[in-house]
Amino acid sequence: MKLKKAEISLFLIVAAVCIAVLAYRAYHQEEGSEVIISVNGVEYGRYSLNKDQVIEINDTNVLTISDGEAYMSDANCPDQLCVSMGHISSHNELIVCLPNSVVVQVNDPE
């Protein structure tokens with residue numbers, strides 16, 4: 001099947017728009033000022049990303065805040081997916097631990 005010039009042009013335009021959107025998001029993400037921790041849908045606490053600290057969430061998870069980023073440094077869940085989610089610092093980024101019903105979300109900048 002041979003592509004027509006119009007189809008190739010459309011593909012290139014769509015690809016260019018996608019690349020532009022990804023580039024914009026990468027360079028214009030707003031840094032958050034705090035993380036909100038929720039357990040079972042109830043707010044557990046709010047913590048500044050500007051203060052290095054270690055937060056024990058019940059007896060199930062440990063969230064570490066360091067250098068303006070938050071990450072799940074320990075969890076007692078079997079799959080450890082929340083630990084492998086990495087560091088978050090930008091508005092609306094999440095770390096989720098489904099087995100322990102823990103959600104960590106970066107909040108709007110001040």
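The exercises below work through the core and the strand pairing of a predicted model.

**Exercise 1.** Find which residues have the most contacts inside the largest nonpolar core, and which elements give two or more residues to this core.

Solution. Begin with the core itself, which has 20 residues, and note that those with the most contacts inside it are Val35, Ile37, Leu63, Ile65, Val102 and Val104. Next, turn to the elements: two or more residues each come from β1 (34-39), β3 (53-57), β4 (61-66), β5 (69-75), β6 (94-97) and β7 (102-106).

**Exercise 2.** Leaving aside neighbours within four places in sequence, list what valine 102 is in contact with.

Solution. With those neighbours set aside, the contacts of valine 102 include Ile37, Ser38 and Val39, together with Ile57, Thr60 and Asn61. The list is completed by Met72, Ile95, Val96 and Cys97.

**Exercise 3.** Determine how many residues of β4 are buried, and in which sense β4 pairs with β3 and with β5.

Solution. Taking burial as under 20% relative accessible area, one finds that 5 of the 6 residues of β4 are buried, so that the strand is mostly covered. On the side of β3, the pairing with β4 is antiparallel and runs over 5 bridges, with glutamine 53 having isoleucine 65 of β4 as its bridge partner. These two strands form a hairpin with 3 residues between them, and asparagine 58 in the turn has a positive phi of about 50 degrees. With β5, the pairing of β4 is again antiparallel, over 6 bridges, and leucine 63 has methionine 72 of β5 as its bridge partner. This hairpin leaves 2 residues between β4 and β5, and aspartate 67 in its turn has a positive phi of about 55 degrees.

Note on methods
Residues are numbered from 1 along each chain as its sequence is written. This is a predicted model: local features need pLDDT of at least 70, side-chain atom pairs count only at pLDDT 80 or more; totals for chains, interfaces and linings use all residues. Side-chain values use heavy atoms; hydrogens and water are left out. A nonpolar core is a set of buried Ala, Val, Leu, Ile, Met, Phe, Trp, Tyr and Cys residues joined through side-chain atoms within 4.5 Å. Buried means under 20% relative accessible area, exposed over 50%, partly exposed in between (1.4 Å probe, protein chains only). Helices (H or I, at least four residues) and strands (E, at least two) are DSSP runs, numbered from the N terminus. Contact means heavy atoms within 4.5 Å. Two strands pair if DSSP finds at least two bridges between them.
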